[in-house]
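Reader: Could you take me through one part of this model slowly, as you would for a colleague at the next bench? I would like to know how that part sits against its surroundings.

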Amino acid sequence: MKIKRLKSGIYRHRVPIYNQRLYVSVGRDAAVNHFGEDGQMAEEMAAGEKYLDDNGRFAVLIIIGEGYANTNTIAHEAVHAAIDILDHVEVFYCAENQEPIAYLVGHIAEVIQACVDMEGA
């Protein structure tokens, strides 16, 4: 799994199969410093949101705020990110077709955990 550290607290990963960018910020301040502040970032300590990167391409940004680097938050944000990615690439998922979201949530959670571990959070 390839994860690129852009600067302190900020990581980028290209999600396999769907070829979509995922940014993980370990710490709200790192996200604000790198991406700028917006309404949700200003209010939330753990957040996932759609984001357009510097070249106007779709990406997902996950912020794991200080004190929120736990299994519950990581799983919660991984689900939001997976839904955003699958919706963007128009992959259908439902009770009868759970595999796309199940695999993607697991992959994203693993990426988030790796970023948290690299930051020592």
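**A close look at helix α4**

Author: Happy to. This is a predicted model, and of the 121 residues in its chain, 45% count as buried. The chain holds 4 helices and 5 strands, arranged along the sequence as β-β-β-α-α-β-β-α-α. Among contacts with a separation of 6 or more, 52% join residues 24 or more positions apart.

Now to α4 itself, which covers residues 99–119. A quick check on its length: at 1.5 Å a residue, its 21 residues should span 30 Å, and the end C-alpha atoms are indeed 30 Å apart, so the two values agree. Just after the helix, Gly120 has a positive phi of about 70°.

Which residues of α4 are buried? They are Pro100, Ile101, Leu104, Val105, His107, Ile108, Val111, Ile112, Ala114, Cys115 and Val116. Many helices can be read with a simple rule in mind: an α-helix has 3.6 residues a turn, so residues three or four places apart point the same way. As for what lies over the buried residues of α4, the cover includes the strands β2 (10–15), β3 (20–26) and β5 (58–64), together with helix α3.

That last partner deserves some time. Helix α3 runs over residues 71–88, and its axis comes within 8 Å of that of α4, crossing at roughly 125°. The two helices are therefore oblique to each other, and α3 passes α4 in a right-handed crossing. On the α3 side, the contact is made by Ile74, Ala78, Val79, Ala81, Ala82, Ile83, Ile85 and Leu86. From α4 come Pro100, Ile101, Leu104, Val105, Ile108, Ala109, Ile112, Gln113 and Val116. Sorted by character, the residues of this contact comprise 16 nonpolar, 1 polar and no charged.

One more neighbour comes from the start of the chain. Met1 lies in the segment before β1 (4–7), yet its C-alpha atom is separated by 9.6 Å from that of Ala114, 113 residues away along the chain. Leaving aside residues up to four places away in sequence, Met1 touches His13, His107, Glu110, Val111 and Ala114. Is Met1 itself buried or exposed? Its relative accessibility is 54%, and exposed means over 50%, so Met1 counts as exposed. By contrast, His107, Val111 and Ala114 are among the buried residues of α4.

Definitions and conventions: Residues are numbered from 1 along each chain as its sequence is written. This is a predicted model: local features need pLDDT of at least 70, side-chain atom pairs count only at pLDDT 80 or more; totals for chains, interfaces and linings use all residues. Side-chain values use heavy atoms; hydrogens and water are left out. Axes are lines fitted to C-alpha atoms, for helices over the stretch in contact, and angles run from 0 to 180 degrees between N-to-C directions. Angles under 35 degrees count as roughly parallel, over 145 as roughly antiparallel, 65 to 115 as roughly perpendicular and the rest as oblique. A crossing is left-handed if the near helix is turned anticlockwise from the far one by less than a right angle, and right-handed if clockwise. Contact means heavy atoms within 4.5 Å. Ala, Val, Leu, Ile, Met, Phe, Trp, Tyr, Cys and Pro count as nonpolar, Asp, Glu, Lys and Arg as charged, and the others, Gly among them, as polar. The expected span of a helix is 1.5 Å times one less than its number of residues. Buried means under 20% relative accessible area, exposed over 50%, partly exposed in between (1.4 Å probe, protein chains only).
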